[in-house]
Amino acid sequence: MALVDRRTGIEFIDEQECLELLDREVFGRLAIMDGGNPLILPINYAMDGRHVVFRSGPGTKVDARNRGACFEIDGHDDDLRNGWSVVIRGRIEEVTLHQEGLFDRLAGLPQPWAQGDKPHVMRLVPASIQGRRVTGDERPPPP
């Protein structure tokens with residue numbers, strides 16, 4: 001049985017289903033701080049267990065290594081007024097050649113959509129994975 005917020009009617013998605021949703025998708029949004037301001041970047045990714053893995057060229061995403069970040073995917077149906085969202089909060093790290101077995105395994109996972117050299121293998125190490133679903137059955141709170 002799903003856990004539902006009594007006040008809003010929004011359903012909480014358990015971690016296992018969040019991971020299944022993450023496995024089905026290949027595109028999401030990475031949120032990082034850049035120069036003291038939040039920045040959201042679209043990325044294509046692959047999952048490695050609980051980690052979001054992506055490749056990058058030099059620049060903003062690589063510069064965010066060892067710092068906090070969030071990642072989000074979602075889906076919705078406008079006509080039915082329902083949808084879901086999964087958010088991972090964690091820390092970005094770069095997988096280097098010094099982590100030979102891990103680097104070799106992850107280097108082939110995500111296939112970048114954007115052209116150009118993407119030599120950096122990055123991953124988001126989760127501190128939390130949370131999901132929410134709006135089913136269209138929610139009722140507004142009483143006045």
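This section describes the fold, the nonpolar core, the first helix, the largest pocket and several individual residues of a predicted model.

The secondary structure consists of 3 helices and 9 strands. In sequence order, these elements follow the pattern β-β-α-β-β-β-β-α-β-β-α-β. The chain has 143 residues, of which 38% are buried. Among the contacts with a separation of 6 or more, 69% are between residues 24 or more positions apart.

In soluble globular proteins, nonpolar side chains tend to be buried together. The largest nonpolar core of the model contains 25 residues. Within this core, L22, Y45, V52, F71, I73, V86 and I92 have the most contacts. Two or more core residues are contributed by each of the helix α1 (15-24) and the strands β3 (27-34), β4 (37-44), β6 (51-56), β7 (68-77), β8 (82-95) and β9 (120-134).

The surroundings of I92, one of the residues with the most contacts inside the core, were examined further. Residues up to four places away in sequence being excluded, I92 touches L30, I32, K61, A64, R65, N66, R67, A69, M122, R123 and L124. One of these partners, A69, lies in strand β7. A69 is buried because its relative accessible area is 6%, under the limit of 20%. With neighbours within four places in sequence left aside, the contacts of A69 are L30, A31, I32, I88, R89, G90, I92 and L124. For A69 and I88, which are 19 residues apart along the chain, the separation between C-alpha atoms is 8.3 Å. L30, I32 and L124 appear among the contacts of I92 and also among those of A69.

Helix α1 contains the buried residues C18, L19, L21 and L22. These residues lie on the same side of α1, because the arc that they cover around the axis is only 160°. D23 and R24, on the other side of the helix, are exposed. The packing partners of the buried α1 residues are β2 (11-13), β5 (46-48), β7, β8 and β9. L22 is thus named both among the buried residues of α1 and among the core residues with the most contacts. At the start of the helix, the backbone nitrogen of Q16 has a side-chain oxygen of D14 within 3.2 Å.

A polar cluster involves strands β2 and β9. E11 is located in β2 and R133 in β9. The side chains of E11 and R133 are joined by a polar contact of 2.7 Å. The side chain of R133 makes a further polar contact, of 2.3 Å, with the side chain of E17. E11 has a relative accessible area of 16%, so this residue is classed as buried. R133 also counts as buried, because its relative accessibility is 18% and the limit is 20%. Besides R133, the residues touched by E11 include A2, L3, V4, G131, R132 and T135, residues up to four places away in sequence not being counted.

Two residues outside the strands were also considered. T8 is placed in the loop between β1 (3-4) and β2. With a relative accessible area of 21%, T8 is partly exposed. T8 and V134 are 126 residues apart along the chain, and their C-alpha atoms are separated by 9.4 Å. R105 belongs to helix α3 (residues 100-107). R105 is partly exposed, with a relative accessible area of 47%. The C-alpha atoms of R105 and D48 are 9.4 Å apart in space, while the two residues are 57 residues apart in sequence.

Rolling a probe the size of a water molecule over the atoms shows where empty space is left. The volume of the largest pocket in the model is about 170 Å³. Two elements, β4 and β6, give two or more residues to its lining. The largest share of this lining, 3 residues, is provided by β4. The lining of the largest pocket is formed by F27, P42, I43, N44, R55, S56, G57, K61, P112, W113, A114 and K118. K61, one of these lining residues, is also among the residues touched by I92.

How values were computed: Residues numbered from 1 in each chain as written. Predicted model: local features only at pLDDT ≥ 70, side-chain atom pairs only at ≥ 80, totals over all residues. Heavy atoms only, no water. Core = buried A, V, L, I, M, F, W, Y, C linked by side-chain atoms within 4.5 Å. Buried < 20%, exposed > 50% of the residue type's maximum accessible area, 1.4 Å probe, protein only. Helix = DSSP H or I, 4+ residues; strand = E, 2+ residues; numbered from the N terminus. Contact = heavy atoms within 4.5 Å. Arc of directions from axis to C-beta. Polar contact = N/O pair within 3.5 Å; in protein donor to acceptor, adjacent residues only side chain to side chain. 1 Å grid on protein atoms, 1.4 Å probe; cavity = no way out; pocket = protein on both sides within 12 Å on 5 of 7 lines; lining within 4 Å. Points joined across faces, edges and corners; volume = space filled by probe spheres on them.
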